[in-house]
Amino acid sequence: GDIRLRVRVPPTVAVGPTSPYLVNYRTDVSLNCIVANAKPEITSLYWLKNKHPVDTTLGGPSAKYKDGNTVFPSLVIKNVSKEDAGTYTCVADHVTGPVED
């Protein structure tokens with residue numbers, strides 16, 4: 001008989017623009033997250049701000065955050081203020097464990 005070997009490969013996660021990212025007050029900012037080479041595909045993607053989950057589920061025109069999920073990995077922060085300053089981390093969940101940058 002034959003044995004089919006399947007190798008589960010964790011993805012690579014890269015974020016941008018470069019850190020520190022200086023932005024202007026009251027503008028919309030996009031933080032990029034690029035996930036590559038996951039086998040199988042990632043199960044979910046989310047962002048952390050200062051190690052705490054960013055709630056991207058609140059929709060509508062007054063929502064602070066937009067996207068930042070498996071379908072649209074880049075996180076949009078609307079109308080930035082000094083309260084938005086911090087360290088943002090993109091986390092991709094995978095069968096081999098979470099991968100972040």
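Contact here means heavy atoms within 4.5 Å. Keep that in hand for the exercises below, and remember that the model is a predicted one.

**Exercise 1. Get the overall layout.**
Work out how many helices and strands the protein has, and in what order they come.

*Solution.*
- Step 1: count the elements. There are zero helices and eight strands.
- Step 2: read along the sequence. The pattern is β-β-β-β-β-β-β-β.
- Step 3: look at the contacts between residues at least 6 apart in sequence. Of these, 58% join residues at least 24 apart.

**Exercise 2. Check the overall dimensions.**
Find how the radius of gyration of the protein stands against that of a compact globule of 101 residues.

*Solution.*
- Step 1: take the reference value. A compact globule of 101 residues would come out near 13 Å.
- Step 2: take the value for the model, which is 16 Å.
- Step 3: add the box. Along the principal axes, the C-alpha atoms fill roughly 65 × 30 × 20 Å.
- Step 4: turn to burial and surface. Buried residues account for 28% of the 101 residues. The exposed area is about 7,100 Å², with carbon and sulfur atoms supplying 55% of it.
- Step 5: finish with charge. The side chains include 11 positive and 10 negative ones, and the centres of the two sets sit 1 Å apart.

**Exercise 3. Place histidine 94.**
Decide whether histidine 94 is buried or exposed, then find what it touches.

*Solution.*
- Step 1: locate the residue. Histidine 94 sits in the loop between S7 and strand S8 (99–100).
- Step 2: apply the cut-off. Buried means under 20% relative accessible area, and histidine 94 has 6%, so this residue is buried.
- Step 3: list the neighbours. Leaving out residues up to four places away in sequence, histidine 94 touches Val9, Pro10, Pro11, Ala38, Lys39, Pro40, Glu41, Ile42 and Thr43.
- Step 4: pick out the polar partners. The histidine 94 side chain reaches the backbone oxygen of valine 9 at 3.3 Å. A polar atom of that side chain also lies 3.5 Å from the backbone oxygen of lysine 39.
- Step 5: follow lysine 39 onward. The peptide bond joining lysine 39 and proline 40 is cis, with omega about -5°. Proline 40 belongs to the loop between S2 and strand S3 (44–49).

**Exercise 4. Track down another cis bond and two unusual phi angles.**
Say where proline 20 is found, and which residues near 65° in phi show a positive value without being glycine.

*Solution.*
- Step 1: start with the background. Most residues other than glycine have a negative phi, and most peptide bonds are trans.
- Step 2: go to proline 20. The bond from serine 19 to proline 20 is cis, with omega near -5°. Proline 20 is in the loop between strand S1 (12–16) and strand S2 (29–36).
- Step 3: set proline 20 against histidine 94. The two are 74 residues apart along the chain, and their C-alpha atoms are separated by 28 Å.
- Step 4: take arginine 26. Its phi is near 65°, and the residue lies in the loop between S1 and S2. With a relative accessible area of 58%, arginine 26 is exposed.
- Step 5: take asparagine 37. Phi is near 65° here too, in the loop between S2 and S3. Asparagine 37 counts as exposed, at 53% relative accessibility.

**Exercise 5. Work through aspartate 84.**
Find which backbone nitrogen the side chain of aspartate 84 reaches.

*Solution.*
- Step 1: locate the residue. Aspartate 84 is in the loop between strand S6 (75–77) and strand S7 (88–93).
- Step 2: check burial. The relative accessible area is 9%, so aspartate 84 is buried.
- Step 3: find the polar partner. The aspartate 84 side chain reaches the backbone nitrogen of serine 81 at 2.9 Å.
- Step 4: add the contacts. Beyond four places in sequence, aspartate 84 touches Lys49, Lys64, Tyr65, Ile77 and Asn79.

**Exercise 6. Classify serine 44.**
Find which class serine 44 falls into by relative accessibility, and what it touches.

*Solution.*
- Step 1: locate the residue, which lies in strand S3.
- Step 2: classify by accessibility. Serine 44 has 23%, so it counts as partly exposed.
- Step 3: list the contacts. Not counting residues up to four places away in sequence, serine 44 touches Thr70, Val91, Ala92 and Asp93.
- Step 4: compare sequence and space. Serine 44 and cysteine 90 are 46 residues apart in sequence, and 11 Å apart C-alpha to C-alpha.

Definitions and conventions
Residues numbered from 1 in each chain as written. Predicted model: local features only at pLDDT ≥ 70, side-chain atom pairs only at ≥ 80, totals over all residues. Heavy atoms only, no water. Helix = DSSP H or I, 4+ residues; strand = E, 2+ residues; numbered from the N terminus. Buried < 20%, exposed > 50% of the residue type's maximum accessible area, 1.4 Å probe, protein only. Polar contact = N/O pair within 3.5 Å; in protein donor to acceptor, adjacent residues only side chain to side chain. Rg over C-alpha atoms; globule rule 2.2 N^0.38 Å. Areas by Shrake-Rupley, 256 points an atom, 1.4 Å probe, with all protein chains shown as cover. Lys, Arg positive; Asp, Glu negative; His and termini not counted. Charge placed at Lys NZ, Arg CZ, Asp CG, Glu CD.
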